[in-house]
Amino acid sequence: MRVFSADVTAAALPWVDLIDGISQMFKQGCEMPLRHHHSFAVPGEDDGTLLLMPAWLPGSFIGVKMVNVVPGNSARGLPAIAGAYLLSSAATGALLAIIDGAELTARRTAAASALAARYLARTDASRLLIVGAGKLSLNLIEAHSEVRQITSVKIWARRTEQAEAIANAARAHGFNAIAVTDLEKETSQADIISCCTLSREPLIKGAWLLPGTHVDLIGAFKPDMRETDSAAVARASVFVDTFDGVLGEGGDIVQAIAEGVIGEGHIRSDLFNLCRDLHKGRSSDDEITMFKSVGAALEDLAGAIVAYRNATP
């Protein structure tokens with residue numbers, strides 16, 4: 001049995017391998033029960049969330065991820081996400097590896113967004129706006145740059161110093177990145193907008209979106225969270241990672257439905273159909289597309305298998 005630190009996990013998950021591994025898993029499918037989702041009290045601050053996400057390929061691999069999400073960690077200078085992934089043999093049940101859960105989550109989440117952008121972002125998309133300055137931010141810049149020729153990166157966050165820190169890190173990795181403060185202006189100039197926040201109030205407004213924009217929504221993984229207003233959802237062709245996950249937990253979509261702005265039929269398709277070429281994705285250069293993800297155990301299993309195979313002699 002091997003233990004993968006965060007550094008080992010990152011090194012074992014190069015973006016192309018990970019994006020392709022997740023794509024292949026969506027093509028072939030796996031056994032994926034609904035995840036367990038529990039809130040727990042953190043005295044004096046917002047509740048934390050415990051996620052338990054199992055999945056398996058019969059006779060091959062079985063895995064489960066335990067992740068704790070603590071929003072208050074940002075004020076402590078700590079990552080909001082912590083946890084571990086247990087990968088075992090689905091033939092013998094033997095434990096094969098314990099993989100850093102936070103690193104796996106951050107990388108597979110960004111890789112799933114990049115996978116969706118293969119189908120949904122314009123082929124000439126080059127201007128990327130990142131909304132949020134947590135651990136996911138740099139991963140999203142790197143992952144989207146694997147599927148589109150990104151020439152300009154803007155980072156916005158409520159705390160400007162955090163946006164500047166991510167911009168500095170991105171420049172150190174060779175990206176043309178700067179921190180910005182005018183979210184409305186930058187939204188109206190971006191080709192891809194990737195939101196990775198824990199917001200409960202809309203940040204991106206539908207009125208700001210230009211034709212041809214691709215909106216990538218990652219952060220709102222509970223029904224009372226959202227990163228866009230309902231007008232943005234209504235204007236967009238909406239795609240999701242999984243129907244059940246987003247209709248149960250994807251706050252942007254759940255709240256737009258509850259408000260009567262859209263119905264469930266407004267969702268065009270999911271990653272299963274996109275990866276299996278059952279839906280072509282973007283239909284025109286003027287179309288506003290939106291990808292809403294809440295995460296799926298399938299993605300974790302795919303990433304854990306890629307990491308295990310790449311790191312095992």
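**Sheet, pockets and cysteines in a predicted model**

An open sheet of 8 strands, paired in parallel, runs in the order E9-E8-E7-E10-E11-E14-E12-E13. The model is predicted, and the questions below walk through this sheet, the spaces in the protein and the cysteines.

User: Which strands stand at the edges of this sheet?
Analyst: In the order E9-E8-E7-E10-E11-E14-E12-E13, the sheet is open, and a strand at an edge has a single partner strand, so one side of it is left without a neighbour in the sheet. The strands that stand at the edges in this way are E9 (177-179) and E13 (267-270).

User: By how many degrees are neighbouring strands of this sheet turned against each other on average?
Analyst: The strands of this open sheet pair in parallel. When direction is ignored, the average turn between neighbouring strands is 20 degrees.

User: Which residue in strand E8 stands opposite Leu-129?
Analyst: Strand E7, residues 127-131, runs parallel to strand E8, residues 152-156, and 5 bridges join them. Opposite Leu-129 in E8 stands Lys-154.

User: Which residue of E14 stands opposite Leu-217?
Analyst: Strand E11 covers residues 214-217, where His-214 and Asp-216 point one way while Val-215 and Leu-217 point the other way, and all are buried. E11 pairs in the parallel sense with strand E10 (residues 192-195) over 4 bridges, and there Leu-217 is the bridge partner of Cys-195. E11 also pairs in the parallel sense with strand E14 (residues 289-292) over 4 bridges, and in E14 the residue opposite Leu-217 is Lys-292.

User: Which helix or strand gives the most residues to the lining of the largest pocket?
Analyst: The largest pocket has a volume of about 1100 Å³, and of the 42 residues that line it, the closest to its centre are Ala-80, Gly-134, Cys-196, Thr-197 and Leu-198. By class, this lining holds 20 nonpolar, 13 polar and 9 charged residues. Strand E3 (48-56), strand E4 (61-69) and helix H3 (101-120) each supply at least two residues of the lining, and the element that gives the most, with 5 residues, is H3.

User: Which helix gives the most to the lining of the second largest pocket?
Analyst: About 320 Å³ of space lies in the second largest pocket, whose lining of 16 residues has Met-32, Leu-34, Thr-242, Asp-244 and Gly-245 nearest the centre. The lining divides into 9 nonpolar, 3 polar and 4 charged residues. With 4 residues, the helix that gives the most is H8 (residues 243-249).

User: How many charged residues are in the lining of the largest cavity?
Analyst: The count comes to 1 cavity of 30 Å³ or more, and the largest cavity has a volume of about 40 Å³. The residues that line the largest cavity are Asp-47, Thr-49, Pro-71, Leu-198, Arg-200, Phe-221, Lys-222 and Met-225. By class, they divide into 4 nonpolar and 1 polar, while the charged residues number 3.

User: Why is there no disulfide between Cys-30 and Cys-275, and what is the count of disulfides?
Analyst: A disulfide is a covalent bond between the sulfur atoms of two cysteines, and here a pair counts if its sulfur atoms are within 2.5 Å. The closest cysteine sulfur to that of Cys-30 is in Cys-275, and because it is 13 Å away, it is too far for a bond. Cys-30 is partly exposed, with a relative accessible area of 22%, whereas Cys-275 is buried, with a relative accessible area of 2%. The count of disulfides is therefore, with the sulfur of Cys-30 too far from the closest cysteine sulfur, 0.

How values were computed:
Residues are numbered from 1 along each chain as its sequence is written. This is a predicted model: local features need pLDDT of at least 70, side-chain atom pairs count only at pLDDT 80 or more; totals for chains, interfaces and linings use all residues. Side-chain values use heavy atoms; hydrogens and water are left out. Buried means under 20% relative accessible area, exposed over 50%, partly exposed in between (1.4 Å probe, protein chains only). On a 1 Å grid over the protein atoms alone, a cavity is a set of points where a 1.4 Å probe fits but cannot get out, and a pocket is an open set with protein on both sides within 12 Å along at least five of seven lines; lining residues have an atom within 4 Å of a point. Grid points are joined across faces, edges and corners, and a volume is the space filled by probe spheres set on the points. Ala, Val, Leu, Ile, Met, Phe, Trp, Tyr, Cys and Pro count as nonpolar, Asp, Glu, Lys and Arg as charged, and the others, Gly among them, as polar. Two strands pair if DSSP finds at least two bridges between them. Axes are lines fitted to C-alpha atoms, for helices over the stretch in contact, and angles run from 0 to 180 degrees between N-to-C directions.
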